[in-house]
Amino acid sequence: MTSRLSAITWNTFREAVRDRVLYNLILFVLLLLASAPLFSQISIGLEKLMLVNVGLSSISLFGVIIAIFLGIGMVSKEIDKKTLYTILSRPVRRWEFIAGKYLGLLLTLVVNAVLMTVGFYVALLIFIHRLQGSDATLLVAVYFIILQFMMMVAITLLFSTFSTPIFSAIFAFALFVIGTFGEDLKNFAAMSQGATRWLATGVAYIMPNFASLNVIAQAAHGESISAHLIIFNTAYALLYSVGVTAMAVLVFERRNLK
Amino acid sequence: MLAIDIQGLSKKYAVGFWKKHQRSALKSLNLSVETGETFGFLGPNGAGKTTTLKLLMGIIFPTAGSAKILGKDYLDPEVKRRIGFLPEQPYFYDYLSAPELLDYYARLSGVSASMRKQRIEQLLGRVGLSDVGNKQLRKFSKGMLQRVGIAQAIIHDPDVIFLDEPMSGLDPVGRHEVRELIQGLKDEGKTILFSTHILSDAEALCDRVGVIHKGELRGVGVVNDFRSSVAEKTEVIWLGAKALSAVSDLVTAPHSTGETVRGTVQSADLDRLLEKLRQQQARLISVTPIHGTLEDYFLANTREEKREPGNS
Amino acid sequence: MNHGRKVMIISGVLVAALFAGSVISRLQVESIRGPQATLDETLYLPSGKTVKRLSLGYYSLLADIYWTRAVQYFGARHYVRSVGHYELLYPLLDITTDLDPKLIVAYENGSIFLSQRQPEGAGQPDKAAALVEKGIRANPTYWRLYFTLGFIHYTDRHDYKAASEAFQKGSEIPGALPWMKVMAARMAEKGDDPTTATYLWKTIYDTTTDKTIKDTAAKHLLSLQADLEMDELERRTQAYYERFKKYPEEWSDLIRAGLLAGIPADPTHTPYNLRLDGTVRVANEKDFPYLERHGAKENK
């Protein structure tokens, strides 16, 4: 099983790389280099704050965009192009296929994020000239961004198992946007009554919560993140991702393909 | 042992806007293939050949029925180690090279690391793709893709091989090469089930054929039987168009081009026809007995009215 | 010339002509609408909450962008004196601080942009004080915001009691420098006082991160110094009058009388002007825009 799983994972990663997805790194570097001198003109002492904001926000946004663009076709493309036929005729279990695709895309995003983080630290060194202890918070912020990727990949993969790429993109993007609203949904639920309240609360908890995974503001101000938050965010992201991926497996398991 | 044993396999699709009507793609298929046999699955487009193969591969699920391959349930993943499949007009991951693709599939089929490299080289040679190097599949011609397709179907040395229209879209050279490959596999004792609508290929390669039409298996026959049947009809070509009126009751479907007339006559009426032509002073050009062909069998079983299996 | 080539040439010419035409007509439209047009367009700014929701979680970055916008908005109007309107400054700062309540610089510098009298600033000291108070609520341990608050109350609102209270509150926060308490007491006791003012502006000059504010502080310090010097000079001319029953006509009169050591020069090293009624003025009013007691408006 591991051999098949790792084969599919690696092949998915290879496909993304050959699809030139890593070229987005060039855009990222250009963005960092362009924004730093711009910011230093505005206020003395704010370069680091702004660099961190630009850097972390880019790592997060670029990754989500890639997750959606690559994720929506993960399964649907293989069904349309019939490449799945020769896969399913082999001792590959359908769930292994889903899991392999998931891990492959996640690997792509993690590699992308790591490379970006390296570039980001280099930029910090160049423009700010030194690193401090508080810069460890930046790594926590990146870790949380990766947790966010875990959830987004699961979501796009789920949609890819039953929907066309366009609709998958719309749904996935919608869930991403809703996920950033964080408190608003729960507040709305708390303010309503009766059946609406139950429904709204249910929806609020089914929707992914990306707000609590976003510690970019804290990282920019050099604040530390509690270990508590790290542990519970990890648990949340893991459980959510596995749950959604399991749903994808369920949908895919008995699906009659074209 | 039966290599393939299909029992009552059926597939219905719900069609229409409200999904109310049912369309039968496959109606209760009963079919068995012996080990080492090469079985040809014949039928017009849309007859249900591809549906059957998709069912057997677990790409779609049946509405009724079951099947066994090599004695085990066809959906058992372990059984899949010993089968190979080439889909119709296949598309492979075009960003991979041929060796990379075969390596990927070999891993998925459980070929051990130590054997993989060797087998890949071997197979690429066998299908005539030794010098493609690292060229990506997106640059391959149709013929080359088909050969890669066959390579991936047998990379793990399966015992049973399923091929869906393996000759489709190939030029005569390509078709010849694929035919040779299938013959080679046959010689190795593999069980082969392939679907096609090119009758000459079926005739050349298969031990038995089954004709399927509109989701139903209309007939199964041994190929050799067709070859040895006594000619029922005879084709006669003569010079002398004016003779046609005298023999019109004997000759079916006459064609005349200038003075040359060509027609078919029942073998039993041959002598009478020749006598009449002599009387009309027509000049014979050729007399050719027509053996019962696979084509007849095929056409007979794909006619609109139902016929009993076994008749031709 | 073949058909394909003809099509290409015609298309090329069309593209160039149409584009040029669109640019010309756009320039016409813009000149009709005038410079106010862009202001009208941007007068509609969404609330901070709305912007935060639309930010897809990247509100921290957006705060920096809005702060940048605020600085540029202020700078454009500060340096081009003909346009004195700063209507959008407060909304921009409000949105910025909604997006990132911990962006101290937006409170510190932004409130000074707001409170300075026109045309140097927006002339909205009440809004400025409200902004700083918002900052204090979000950052209760940052005592320097109390300095900014007290500064605004003192300098632009002339509310010495509120200024003193602000300094007092600030002095109670752990880590606050001792002069906060000193300032609190001074303001409560003396109210409006040049020494206090000098100290405030000196602190701003030393600690601010904004070039414009630093320039303003330098100018204020210059004027404060000049005012004090001219106070002293007028005491001397008054002493001359007491002695000689007339005002000195030139500086040398005072020097001969032993009341001055040399020709007095202002902080820009330009000699002061001695007027016939014994009052002293600076030679170039423009260098000293903030004179309180010896400016042009005191001329009889």
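# Exercises on a predicted model

C:Lys211 counts as exposed, because its relative accessibility of 61% is over the 50% cut-off. The structure is a predicted model, and the exercises below start from this residue.

**Exercise 1.** Find the salt-bridge partner of C:Lys211, and state how the two residues are placed in the helix.

Solution.
- Step 1. The partner is C:Asp215, and the closest N and O atoms of the pair are 3.6 Å apart.
- Step 2. This distance satisfies the salt-bridge limit of within 4 Å, so the pair counts.
- Step 3. C:Lys211 and C:Asp215 both belong to helix H12 of chain C, residues 211–244. They are separated by about one helical turn because they stand four residues apart in that helix.
- Step 4. C:Asp215 has a relative accessible area of 32%, and is therefore partly exposed.

**Exercise 2.** Which residue forms a salt bridge with C:Arg235, and is C:Arg235 buried or exposed?

Solution.
- Step 1. C:Glu232 is the partner of C:Arg235, with 2.8 Å between the closest N and O atoms.
- Step 2. Both residues are in helix H12 of chain C, and their spacing of three residues is why about one helical turn separates them.
- Step 3. C:Arg235 has a relative accessible area of 52%, so it is exposed.
- Step 4. C:Glu232, at 29%, is partly exposed.
- Step 5. Salt bridges can also share partners: A:Arg14, A:Arg18 and B:Glu100 are joined into one network in this way.

**Exercise 3.** How many salt bridges are found over all chains? Describe the bridge between B:Asp103 and B:Arg116.

Solution.
- Step 1. The search of the whole structure gives 37 salt bridges.
- Step 2. In the bridge between B:Asp103 and B:Arg116, the side chains meet at 3.7 Å, N to O.
- Step 3. This pair connects distant parts of the chain, 13 residues apart: B:Asp103 is in helix H2 (residues 98–108) of chain B, and B:Arg116 is in helix H3 (residues 113–126) of chain B.
- Step 4. Accessibility is then assigned to each partner. B:Asp103 is partly exposed because its relative accessibility is 27%. B:Arg116 has a relative accessible area of 15%, so it is buried.

**Exercise 4.** Describe the packing of H1(A) and H6(A) by angle, axis distance and handedness.

Solution.
- Step 1. Two packed helices are described by the angle between their axes and the distance between the axes.
- Step 2. Helix H1 of chain A, residues 2–18, packs against H6(A) at about 45 degrees, and the axes are 7 Å apart.
- Step 3. That angle makes H1(A) oblique to H6(A), since it lies outside the ranges for roughly parallel (under 35 degrees), roughly antiparallel (over 145) and roughly perpendicular (65 to 115).
- Step 4. The handedness of the crossing between H1(A) and H6(A) is right-handed.

**Exercise 5.** Which residues form a nonpolar patch on the surface with A:Val114, and where is A:Val114 placed?

Solution.
- Step 1. The patch consists of A:Val114, A:Val118, A:Val122 and A:Ile126, which together have about 320 Å² of accessible area.
- Step 2. A:Val114 is in helix H6 of chain A, residues 94–128.
- Step 3. The relative accessibility of A:Val114 is 41%, so this residue is partly exposed.
- Step 4. A patch residue needs over 30% relative accessible area, a condition that A:Val114 therefore meets.

**Exercise 6.** A:Arg20 and B:Leu70 each have a positive phi. State where each residue lies, and whether it is buried or exposed.

Solution.
- Step 1. Most residues other than glycine have a negative phi.
- Step 2. A:Arg20 is not a glycine, yet its phi is positive, at about 60 degrees. It is in the loop between H1 and helix H2 (24–42) of chain A. With 56% relative accessibility, A:Arg20 counts as exposed.
- Step 3. B:Leu70, also not a glycine, has a positive phi of about 50 degrees. Its loop runs between strand E4 (64–69) and strand E5 (72–73) of chain B. B:Leu70 counts as buried because its relative accessibility is 9%.

**Exercise 7.** Summarise chain B, and then place B:Gly219 within it.

Solution.
- Step 1. Chain B contains 10 helices and 14 strands.
- Step 2. Along the principal axes, the C-alpha atoms of chain B fill a box of roughly 80 × 50 × 45 Å.
- Step 3. Of the 312 residues in chain B, 47% are buried.
- Step 4. B:Gly219 is in strand E10 (residues 216–222) of chain B, and its relative accessible area of 3% makes it buried.
- Step 5. B:Ile285 is 66 residues from B:Gly219 along the chain, and their C-alpha atoms are separated by 37 Å.

Note on methods. Residues numbered from 1 in each chain as written. Chains lettered and ligands numbered in written order. Predicted model: local features only at pLDDT ≥ 70, side-chain atom pairs only at ≥ 80, totals over all residues. Heavy atoms only, no water. Patch = residues over 30% accessible without salt bridge, like charges linked within 9 Å, V, L, I, M, F, W, Y side chains within 5 Å. Areas by Shrake-Rupley, 256 points an atom, 1.4 Å probe, with all protein chains shown as cover. Buried < 20%, exposed > 50% of the residue type's maximum accessible area, 1.4 Å probe, protein only. Axes fitted to C-alpha atoms, helices over the stretch in contact; angles between N-to-C directions. Left-handed = near helix turned anticlockwise from the far one by under 90°.
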